[in-house]
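Welcome! Please have a look at the structure below, then work through the exercises one step at a time.

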Amino acid sequence: MKGVEIVKAYYNCFNQKDWQGMLDLLDENIRHESNQGDVRVGKDKFRTFLQKMDDSYEETLTEMVFLAEETGTRVAVEFVVNGIYKKGEEGLPEAHGQTYILPAGAFLEVKDGKITRVTTYYNLTLWIELVSK
């Protein structure tokens, strides 16, 4: 598969809540750069992140646009996050089932058929505003 096809499969797994399918598309030394917080390296840390996210948020991505450069090793994705805030996290507002719709984007690298980097960006201030209502 080409890089963009691998990334599309990754996000399809996300929307189906197929966490193992997502993990199967990642390199063992995946570099995960989230919008806020520390950089995570390795599948085990990514697996822990997925579990925390699954516990705290119910999210589906829509309006997905995929862009790839000529070699297909770098893919950018623009999307809208449609979510429910299920469980609060330290330093964030209290959760009580608030819904949110938030534009976001990600940059991914693919090498030898596996995703080696996921960098995600969204407006945290806007998200806090949306779930504080």
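Helices (H or I, at least four residues) and strands (E, at least two) are DSSP runs, numbered from the N terminus. Keep in mind that this is a predicted model.

**Exercise 1. Find out in which pattern helices and strands follow each other along the sequence, and how many of each there are.**

Step 1. Count the elements: the protein has four helices and six strands.

Step 2. Now read along the sequence, and the pattern comes out as α-α-β-β-α-β-β-β-β-α.

Step 3. Turn to the overall dimensions. The radius of gyration is 15 Å, close to the 14 Å that the globule rule gives for 133 residues, so the protein is as compact as a globular protein of that length. Along its principal axes, the C-alpha trace spans about 45 × 30 × 25 Å.

Step 4. Look at burial and contacts. Of the 133 residues, 40% count as buried. Among contacts with a separation of 6 or more, 54% come from residues 24 or more positions apart.

**Exercise 2. Work out the order of the strands in the sheet, and explain why strands E2 and E3 each have one side without a neighbour.**

Step 1. Go across the open sheet: its six strands come in the order E2-E1-E6-E5-E4-E3, with mixed pairing.

Step 2. Look at the edges. Strand E2 (39-41) and strand E3 (57-68) stand there with a single partner strand each, so one side of each has no neighbour in the sheet.

Step 3. Check the twist: on average, neighbouring strands are turned by 20 degrees against each other, direction ignored.

**Exercise 3. For E1 with E2, E1 with E6, and E5 with E6, decide whether the pairing is parallel or antiparallel.**

Step 1. Start with a general point: strands of a sheet pair through backbone hydrogen bonds, either parallel or antiparallel.

Step 2. E1 and E2 are antiparallel, with three bridges, and Glu33 stands opposite Val39 in E2. The two strands form a hairpin with five residues between them, and Gly37 in the turn has a positive phi of about 100 degrees.

Step 3. E1 and E6 are parallel, over four bridges. Here Leu26 has Ile115 in E6 as its bridge partner.

Step 4. E5 (residues 98-111) and E6 (residues 114-122) are antiparallel, over eight bridges. Lys111 stands opposite Lys114 in E6.

**Exercise 4. Find which strands helix H1 touches, and which strands helix H4 lies across.**

Step 1. Helix H1 (residues 3-15) packs on the sheet and touches strand E1 (26-33), E3, strand E4 (74-85), E5 and E6. The direction of H1 makes about 165 degrees with that of E3.

Step 2. Helix H4 (residues 124-131) lies across E3, E4, E5 and E6, and runs at about 150 degrees to E5.

**Exercise 5. Is Gln98 buried or exposed, and which residues does it contact?**

Step 1. Place the residue: Gln98 lies in strand E5.

Step 2. Apply the cut-off for buried, under 20% relative accessible area. Gln98 has 7%, so it is buried.

Step 3. List its contacts. Leaving aside neighbours within four places in sequence, Gln98 is in contact with Gly83, Ile84, Tyr85 and Val131. A polar atom of the Gln98 side chain also lies 2.8 Å from the backbone oxygen of Glu94.

**Exercise 6. Which residues does UniProt list for "domain: SnoaL-like", and how much helix and strand do they hold?**

Step 1. The unreviewed UniProt entry lists residues 7-118 for this domain.

Step 2. Over residues 7-118 the chain is 26% helix and 48% strand, and the end C-alpha atoms are 10 Å apart.

Technical notes
Residues numbered from 1 in each chain as written. Predicted model: local features only at pLDDT ≥ 70, side-chain atom pairs only at ≥ 80, totals over all residues. Heavy atoms only, no water. Pairing = 2+ DSSP bridges. Axes fitted to C-alpha atoms, helices over the stretch in contact; angles between N-to-C directions. Contact = heavy atoms within 4.5 Å. UniProt positions renumbered as here; feature names shortened; annotations may be inferred. Buried < 20%, exposed > 50% of the residue type's maximum accessible area, 1.4 Å probe, protein only. Polar contact = N/O pair within 3.5 Å; in protein donor to acceptor, adjacent residues only side chain to side chain. Rg over C-alpha atoms; globule rule 2.2 N^0.38 Å.
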